[in-house]
Amino acid sequence: SLGMPTYSLDGIPVEFPYEAYDCQLAYMSSVIKALEAGSNALLESPTGTGKTLCLLCAALGWRRYRQQLAVEARTDWEKQAEPGAPTLAGVCPRIWYSSRTHSQLKQVVQELKKTSYRP
């Protein structure tokens with residue numbers, strides 16, 4: 001994974017392309033808590049604090065972790081036999097990213113390229 005720093009946020013490994021500041025770790029932790037709870041989150045941080053990169057890394061790190069859990073469950077005979085065992089689709093939801101303008105989306109793609117995540 002390109003030797004990027006990895007942070008354990010609420011037990012979930014998140015790779016971040018730089019040494020993260022405390023405010024970035026708090027932001028990513030808030031994203032993960034909302035994803036785990038299946039709830040919405042209203043997050044704010046000053047301009048230039050890396051909100052886009054934090055959101056991408058936290059969401060995609062969480063999804064990668066969930067995907068690994070689903071793969072492990074599928075290869076574990078006991079877990080497969082459990083009623084209501086999670087499916088890959090249920091454990092790994094698709095992530096949609098939208099923005100108001102094409103230039104904003106282009107910026108998000110540039111940020112994504114800095115990460116180890118390839119959705």
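**Exercise 1. Surroundings of E111**

Which residues does E111 touch, not counting residues up to four places away in sequence? Place E111 in the predicted model, then describe its contacts.

Solution.
- Step 1: Locate the residue. E111 sits in helix α5, which covers residues 102–113.
- Step 2: List the contacts. With residues up to four places away in sequence left out, E111 touches T52, L53 and L56.
- Step 3: Classify the exposure. E111 has a relative accessibility of 16% and therefore counts as buried, since buried means under 20%.
- Step 4: Examine the side chain. A polar contact of 2.8 Å joins the side chains of E111 and K114. The pair also forms a salt bridge, with the closest N and O atoms 2.8 Å apart.
- Step 5: Classify the partner. K114 counts as partly exposed, at 36% relative accessibility.

**Exercise 2. Salt bridges**

State how many salt bridges a search of the whole structure finds, and describe the pair E15 and R64 and the pair R66 and E36.

Solution.
- Step 1: Take the count. The search of the whole structure finds four salt bridges. Side chains of opposite charge can pair when their charged atoms come close.
- Step 2: Take E15 and R64. Their side chains meet in a salt bridge of 3.6 Å, N to O. E15 belongs to strand β2 (residues 12–15) and R64 to helix α2 (residues 51–74), so this bridge ties together parts that are 49 residues apart in sequence.
- Step 3: Classify both ends. E15 is buried, with a relative accessible area of 10%, whereas R64 is partly exposed, at 28%.
- Step 4: Take R66 and E36. A salt bridge of 3.4 Å, N to O, joins their side chains. This pair links distant parts of the chain, with R66 in helix α2 and E36 in helix α1 (residues 22–37), 30 residues apart.
- Step 5: Classify E36. With 45% relative accessibility, E36 counts as partly exposed.

**Exercise 3. Two residues of strand β2**

Are I12 and V14 buried or exposed? Name the contacts of I12 and of V14.

Solution.
- Step 1: Place the residues. I12 lies in strand β2, and V14 is found in strand β2.
- Step 2: Classify them. I12 has a relative accessible area of 1% and is buried. V14 is buried too, with a relative accessible area of 0%.
- Step 3: Take the contacts of I12. Leaving aside neighbours within four places in sequence, I12 is in contact with Y7, I32, E36, G61, W62 and Y65. E36 is also the salt-bridge partner of R66.
- Step 4: Take the contacts of V14. Under the exclusion of neighbours within four places in sequence, V14 is in contact with P5, T6, Y7, L9, M28, I32, C57, A58 and Y117.
- Step 5: Compare sequence and space. I12 and R63 are 51 residues apart along the chain, and their C-alpha atoms are separated by 9.7 Å. For V14 and M28, 14 residues apart in sequence, the C-alpha atoms are 8.6 Å apart.

**Exercise 4. The aromatic pair**

How many aromatic pairs does the structure hold? Give the geometry and exposure of the rings' residues.

Solution.
- Step 1: Count. The structure holds one aromatic pair.
- Step 2: Give the geometry. F16 and Y18 form this pair, with 6.4 Å from centre to centre and 75° between the planes. The arrangement is edge-to-face, because planes over 60 degrees apart count as such.
- Step 3: Classify the residues. F16 counts as buried at 1% relative accessibility, while Y18 counts as partly exposed at 42%.

**Exercise 5. The whole chain and its surface**

Describe the secondary structure, the burial and a nonpolar surface patch.

Solution.
- Step 1: Take the elements. The protein chain has five helices and two strands, in the order β-β-α-α-α-α-α along the sequence.
- Step 2: Take the burial. The chain has 119 residues, of which 32% count as buried.
- Step 3: Take the contacts. Among contacts with a separation of 6 or more, 58% are between residues 24 or more positions apart.
- Step 4: Take the surface. The chain exposes about 8,100 Å², with carbon and sulfur atoms supplying 54% of it.
- Step 5: Take the patch. L55, Y97 and L105 make a nonpolar surface patch of about 220 Å². L105 is in helix α5 and counts as partly exposed, at 32% relative accessibility.

Notes
Residues numbered from 1 in each chain as written. Predicted model: local features only at pLDDT ≥ 70, side-chain atom pairs only at ≥ 80, totals over all residues. Heavy atoms only, no water. Helix = DSSP H or I, 4+ residues; strand = E, 2+ residues; numbered from the N terminus. Buried < 20%, exposed > 50% of the residue type's maximum accessible area, 1.4 Å probe, protein only. Polar contact = N/O pair within 3.5 Å; in protein donor to acceptor, adjacent residues only side chain to side chain. Contact = heavy atoms within 4.5 Å. Areas by Shrake-Rupley, 256 points an atom, 1.4 Å probe, with all protein chains shown as cover. Patch = residues over 30% accessible without salt bridge, like charges linked within 9 Å, V, L, I, M, F, W, Y side chains within 5 Å. Phe/Tyr/Trp six-rings, centres within 6.5 Å; stacked < 30°, edge-to-face > 60°.
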